[in-house]
Amino acid sequence: MKYIKHIINKVDPNSLRVRLTIVIAALSAMGLGSLAIWTTWRVQHILIDSHKQTLKELTQRLPKDVQVYNDMYPLQKSLEKSVKNLTTSNTLLWIKNQNKQILVKSDSFQQASEPIQNKLINLTQMPVAPQVHKIHQSYFILCSNPLNIKGKLVGELSVAHDITREQTMFVEMVQNLSVASILVIIVISGAIAFYISRALQPLRQLSHMTEVISAEDLGKAQLYFKNAPSEVKELAQTCNQMLMRLSESWEKERQFVSNISHELRTPLTIVHGYLQSVLRRRKNLTETQTEALQTATLEAENTIQMLGDLLNLARADSGNLHYKMQPCVLNDLVVEVVAMANQNSDRQIDIQAEANPIEVKLDYQYMKQILLNLIDNAVKYSDDGTPITVILKQQETQAIMQVCDRGYGIPLQQQSRIFERFYRVDEARNRAGGTGLGLSIVKTLVEGMGGNITVRSKLAEGSVFQVVFPIFLSEV
Ligand code: ADP
């Protein structure tokens, strides 16, 4: 039961496979159903028609026989003899006079049960043309005709032919035919569902392949199907062309960002330099002018930082970011970075590091940038007065570095997105300023040096950013 429910839940009524299967199954049900109905109707007709003819001949012959006998015998005896002659085991014959009294009835009546005999004889409306009637679980073809002898109406001749055996066989045949049709429909539907599913397999493959293609491997991605139908092959070809165009424009965009960052950074650094030198000699400046210059310097600094990040990301994308990998003791690095961070803010930053030196192979400068960025975020996204802790420990062959704050936290559904470029959780909350590039560059650098970064966070309780690197094992 559970299994059937599971299958029903998995069936998508909008899928091409389900729709095609339903349509084809419905069409084959209609086709087979019509064929079964037509066959049934034809067989019934053939069955009845053959008996109808016999009954017709019988009702025509009896008056002639009676006339022949009547030349030798009285009418009653002639009737009896003629009825006896024409009676067969399955045919019941009886003649009533005009007062509806039985004049003669065939011997075959004795074979029929009493209720059937009574019902037949007392039938008020006997059909003139032969018709099938059901009487107490038995089937008869009945007909009745006026009996005229030498032009004089003697009474009414009635004939009943027992077709119970044929009719039962016929009903059985119809039942078997129905069961066989249902089975055939089920088998056809199953076969069609299987065939359609196989025919659509390349499309599913196509959607899976396009799903896993990332921006980085756009240029190398190629869809290819060996045994797919030509329509799907054509689609794959078109997709390949589109991937190629996407790759080209992605490359152009990367190049553009890289160029523009590079071109803007130099003049902006000069502007920043001038602003700082003017600020240093601010004797002749009013307070408003000093404030304006300070804001301009800060904005220029932020923009230079952002351009630097963009340049680094573009370099990493194109594989041109080079890491000077060398063994470094993380304990020293943490102390150095925390000291640097303390210069920029008066927040309390605690270090919880294991006493033994933890050595890791990485680019020292980039690692400093990573840790500084994480501490900077912890300061930005927590209230003044709340402490920040940097934890450094070793677990088996891994060095683990955590930056913990008791700040605003990040909603669960956004935790996986904060590493995307320019993604910021809530602009209103981010009063502290920023570009949304910090964490994406941190992730790029961490992964570029063979580590990985994760976040655990709870709203209003704080966040823990964890960076993991493999321990450097020197060859002795
Ligand atoms: P930004 O320049 O905005 O700081 P980041 O890439 O460094 O850009 O961070 C992306 C977003 O992640 C931030 O805008 C902030 O909303 C969220 N975030 C980063 N670090 C923390 C943290 N320690 N606590 C809460 N939110 C954070």
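**Notes on a three-domain chain**

1. Let me start at a small detail: Ala460 is exposed, with a relative accessible area of 67%. Please keep in mind throughout that this is a predicted model. Ala460 sits in the loop that links β11 and β12. The phi angle of Ala460 is near 65 degrees, which is a positive value in a residue other than glycine. I would look at this loop together with the one in the next point.

2. A second non-glycine residue with positive phi is Glu396, at about 50 degrees. Where does Glu396 lie? The residue belongs to the loop between β9 (388-395) and β10 (398-405). Glu396 counts as exposed because its relative accessible area is 76%, and the cut-off for that class is over 50%.

3. Now for the overall shape. The chain has a radius of gyration of 50 Å, whereas a compact globule of 476 residues would have one near 23 Å. Along the principal axes, the C-alpha atoms fill a box of roughly 160 × 60 × 45 Å. The assignment divides the chain into domain 1 (18-170), domain 2 (230-318) and domain 3 (325-470). How many Å separate the centres of domain 1 and domain 3? Taken over C-alpha atoms, the distance between these two centres is 101 Å.

4. Some totals for your notes. The secondary structure of the chain amounts to 10 helices and 12 strands. Of its 476 residues, 39% are counted as buried. If one takes the contacts between residues at least 6 apart in sequence, 61% of them join residues at least 24 apart.

5. The surface and the charges are worth a line too. About 29,600 Å² of the chain is exposed, and 55% of that area is supplied by carbon and sulfur atoms. There are 50 positive and 45 negative side chains, with the centres of the two sets lying 13 Å apart.

6. Within domain 1 (18-170), I picked Phe140, a residue of strand β4 (residues 138-149). Is Phe140 buried or exposed? Its relative accessibility is 3%, so Phe140 counts as buried, the limit being under 20%. Setting aside neighbours within four places in sequence, Phe140 has a long contact list that includes Leu92, Ile116, Leu120, Val132, Ile135, Ala160 and Ile163. Polar or ionisable names appear there as well, among them Gln131, His133, His161 and Asp162. Val174, 34 residues away from Phe140 in sequence, is 19 Å away in space, C-alpha to C-alpha.

7. Moving on to domain 2 (230-318), Asn240 is part of helix α6 (residues 230-280). Asn240 counts as buried because its relative accessibility is 10%. What does Asn240 contact, leaving aside its neighbours within four places in sequence? The partners are Ala221, Gln222 and Leu223.

8. In domain 3 (325-470), Val337 of helix α8 (residues 330-344) makes a nice example. Val337 has a relative accessible area of 0% and is therefore buried. Beyond neighbours within four places in sequence, Val337 is in contact with Lys368, Leu371, Leu372 and Ile375. Leu372 is 35 residues from Val337 along the chain, yet their C-alpha atoms are separated by 6.2 Å.

9. Helix α10 (residues 438-448) deserves a look of its own. Its buried residues are Gly438, Leu439, Ser440, Ile441, Val442, Leu445 and Val446. Which elements do the buried residues of α10 pack against? The partners are α7 (287-317), α9 (364-380), β11 (452-458) and β12 (462-470). Just after the helix comes Gly450, with a positive phi of about 90 degrees.

10. Finally, Asn452, placed in strand β11, connects with the previous point. Leaving out residues up to four places away in sequence, Asn452 touches Val446, Gln466, Val467 and Val468; Val446 is one of the buried residues of α10. Asn452 itself is partly exposed, since its relative accessible area is 36%, which falls between the 20% and 50% limits. Leu206 lies 246 residues from Asn452 in sequence and 30 Å from Asn452 in space, C-alpha to C-alpha.

Notes: Residues numbered from 1 in each chain as written. Predicted model: local features only at pLDDT ≥ 70, side-chain atom pairs only at ≥ 80, totals over all residues. Heavy atoms only, no water. Helix = DSSP H or I, 4+ residues; strand = E, 2+ residues; numbered from the N terminus. Rg over C-alpha atoms; globule rule 2.2 N^0.38 Å. Buried < 20%, exposed > 50% of the residue type's maximum accessible area, 1.4 Å probe, protein only. Contact = heavy atoms within 4.5 Å. Areas by Shrake-Rupley, 256 points an atom, 1.4 Å probe, with all protein chains shown as cover. Lys, Arg positive; Asp, Glu negative; His and termini not counted. Charge placed at Lys NZ, Arg CZ, Asp CG, Glu CD. Domains from an automatic or database assignment.
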